[in-house]
Amino acid sequence: MSNKPDPQTYEDQTVNVKQKTLQSDAITLGITGASGAIYALNLLQQLTLHFQQVHVMLSDAARVVMATEVDVSLPESPKKIAEKLAVICSCDRSIIQVYSKDNWFSPVASGSAAPKQMVICPASMGCISAIATGASNTLLERAADVVIKEKGQLIVLPREMPLSTIHLKNLLTLSEVGVTVMPASPGFYSKPQTINELANFVSARILNHLGISNTLSDAWGYKN
Ligand SMILES: Cc1cc2nc3c(=O)[nH]c(=O)nc-3n(C[C@H](O)[C@H](O)[C@H](O)COP(=O)(O)O)c2cc1C
């Protein structure tokens, strides 16, 4: 009997060939257990409008935060999570691909297939630390490591207050290797009336950095 891992034993293992998209038509979204689940769902919905494929990884803590903050309880199975997220985002089921934390056969685990762009939203201090040290213990951390080594675009949305010297050093390490650090701190100059408008502000800034023009939030000096 072969001791090689059998890709077929993982239900979420590989992307179906029919679903294969160009790396530039796809993006990776990591969702970790920092506060701000609403940012993650708002951004995911926007990404499904602009990309043919969104590769998603959620940490265990992210699922806890999602249930706590936005009353969304996600099932364990990656396929079922993808189905639920597609309903929440009102998008075609084929756009969202969810991977378990040890799915080393997924496209995001290798520079040969991973999309060139990745956002971690929100980003816990734990995940920032793991990425800054190159730990790659979970698929999410590995995917970030791959984007950095391939000189792609990684955007992280850290959320913590206050920031300790350890947090700041880790964020500096990421910034020094080209990661864009966009703290979860929406502006108030557009006079937001709802939490969703605050989340739109954050998503709009992230989309701008991904090169996607949008009218989610007023750009400075312009009115929609
Ligand atoms: C409701 C809730 C809110 C949390 N908020 C934060 C936060 O804002 N920032 C942070 O770094 N950790 C926060 N945590 C703690 C992280 O979830 C915890 O450190 C976890 O180990 C992070 O793991 P992950 O990086 O795998 O998601 C929060 C936890 C819970 C349950």
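**Exercise 1. The shell around the ligand**

Task: Work out which residues come nearest to the ligand, and which helix gives the most to the shell around the ligand.

Solution: Start with the 16 residues around the ligand, where a residue counts as near if its C-beta atom, placed from the backbone, lies within 6 Å of the molecule. Of these 16, the ones that come nearest are Thr 32, Gly 33, Ala 34, Ser 59 and Ala 61. The model is a predicted one, in which local features need pLDDT of at least 70 and side-chain atom pairs count only at pLDDT 80 or more, while totals for chains, interfaces and linings use all residues. Residues are numbered from 1 along each chain as its sequence is written.

Next, turn to the helices, which are DSSP runs of H or I with at least four residues, just as strands are runs of E with at least two, both numbered from the N terminus. Helix 2 (60–70) and helix 4 (125–132) each supply at least two residues of the shell, and helix 2 gives the most, with 5 residues.

Finally, sort the shell by class: it has 7 nonpolar, 7 polar and 2 charged residues. Here Ala, Val, Leu, Ile, Met, Phe, Trp, Tyr, Cys and Pro count as nonpolar, Asp, Glu, Lys and Arg as charged, and the others, Gly among them, as polar.

**Exercise 2. The sheet**

Task: Give the order of the strands in the sheet, and explain why strand 3 and strand 6 each have one side without a neighbour.

Solution: First, read the order, which is 3-2-1-4-5-6 in an open sheet of 6 strands with parallel pairing; two strands pair if DSSP finds at least two bridges between them. Strand 3 (96–98) and strand 6 (180–181) stand at the edges with a single partner strand each, and therefore one side of each has no neighbour in the sheet.

Second, look at one edge, where strand 5 (residues 153–158) runs parallel to strand 6 and is joined to it by 2 bridges. Within this pair, Ile 155 has Thr 180 of strand 6 as its bridge partner.

Third, add helix 3 (residues 78–89), which packs on the sheet and touches strand 2 (53–58) and strand 3, contact meaning that C-beta atoms, placed from the backbone, lie within 7 Å. The direction of helix 3 makes about 150° with that of strand 3, with axes fitted to C-alpha atoms, for helices over the stretch in contact, and angles running from 0 to 180 degrees between N-to-C directions.

**Exercise 3. Cys 121 and its surroundings**

Task: Describe the place of Cys 121 in the largest nonpolar core and the peptide bond that joins it to Pro 122.

Solution: The largest nonpolar core has 62 residues, and Cys 121 is, with Leu 29 and Ala 143, among those with the most contacts inside it. Such a core is a set of buried Ala, Val, Leu, Ile, Met, Phe, Trp, Tyr and Cys residues joined through C-beta atoms within 7 Å; buried means that 20 or more other C-beta atoms lie within 10 Å of a residue's own, exposed 12 or fewer, and partly exposed in between.

Leaving aside neighbours within four places in sequence, Cys 121 contacts residues including Leu 29, Ile 31 and Leu 157. The peptide bond between Cys 121 and Pro 122 is cis, with omega about -10°, and Pro 122 lies in strand 4 (residues 117–123).

**Exercise 4. A positive phi**

Task: Decide whether Asp 71 is buried or exposed.

Solution: Asp 71 is found in the loop between helix 2 and helix 3, and its phi is near 55°, a positive value in a residue other than glycine. Because 8 other C-beta atoms lie within 10 Å, Asp 71 is exposed.

Terms used: Two residues are in contact if their C-beta atoms, placed from the backbone, lie within 7 Å.
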